[in-house]
Amino acid sequence: MLYKLEDDVDTYYGFFWEDKSHYMAYISSDPLGASWKPPTIHSPGLPRKILKLGPPDFANVSPGMYLMKPHVYEALRPLIEDAGELFQAETSRGPYLLFHVTSEIDCLDRGQSKVSYSDDEQTQVRSVSRYKFREDAIQGSHLFRIPETYKLESFVSQQVKDVAQAEGFTGFFFEKLRFAD
């Protein structure tokens with residue numbers, strides 16, 4: 001089972017690049033390199049009820065860029081470490097690690113998936129509403145992106161979801177995918 005990886009912004013609000021121009025700048029799954037330093041990340045003024053919850057263990061800052069507390073990364077490390085690169089990040093709600101997903105797998109079976117195209121030649125994908133992945137292509141992958149959704153979505157395995165839930169990590173939201181029959 002695969003899930004689209006999201007963060008629980010309804011409960012914990014969100015984190016944002018202080019300079020909003022960075023939001024789309026880092027969508028690429030190309031590695032940024034060990035010397036890259038994350039821009040300033042902040043969480044806007046929060047309502048009192050959210051402040052009482054404390055900072056979440058996990059949050060999305062832009063597509064494919066996830067903030068997580070060190071203990072979350074350590075728990076998920078065996079599953080995700082090969083799927084991206086890790087950076088130290090300072091936020092307005094304390095220190096976090098920033099994980100950039102660089103694993104991109106061409107695994108969507110377009111013929112079996114429900115795909116909307118932007119052109120008559122069916123070369124430019126507009127959206128995917130039902131997914132069918134080639135199992136052989138994703139074998140052993142626990143966190144990845146696909147080229148068809150312009151790297152805006154990350155997908156995780158059942159194992160990632162199980163660890164996050166078993167550990168009681170906050171901030172995660174796993175959207176169940178609609179699979180093609």
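I began with the largest nonpolar core, a set of buried Ala, Val, Leu, Ile, Met, Phe, Trp, Tyr and Cys residues joined through side-chain atoms within 4.5 Å. It holds 20 residues, of which Leu-5, Met-68, Ile-80, Phe-99, Leu-143, Phe-172 and Phe-174 touch the most other members. Two or more residues each come from β1 (2-7), β5 (65-68), α3 (70-80), β7, α5 (158-167) and β12 (172-176). Helix α3 gives the most, four residues. Another core, of 15 residues, lies apart from this one and includes Leu-2, Ile-105, Ile-138 and Ile-146.

The model is predicted: local features need pLDDT of at least 70, side-chain atom pairs count only at pLDDT 80 or more, and totals for chains, interfaces and linings use all residues. Side-chain values use heavy atoms, with hydrogens and water left out, and residues are numbered from 1 along each chain as its sequence is written.

I looked up Tyr-96 next and found it in strand β7 (residues 94-101). Tyr-96 counts as buried (under 20% relative accessible area, 1.4 Å probe, protein chains only) because its relative accessibility is 1%. A polar atom of the Tyr-96 side chain lies 2.5 Å from the backbone oxygen of Pro-56. I also noted 8.7 Å between the C-alpha atoms of Tyr-96 and Asp-57, which are 39 residues apart along the chain.

My last entry is Ser-154, in strand β11 (residues 154-157). Ser-154 is buried as well, at 1% relative accessible area. Its side chain makes a polar contact (N or O atoms within 3.5 Å, one able to donate a hydrogen and the other to accept it) with the side chain of Tyr-66, at 2.9 Å.

Notes: Buried means under 20% relative accessible area, exposed over 50%, partly exposed in between (1.4 Å probe, protein chains only).
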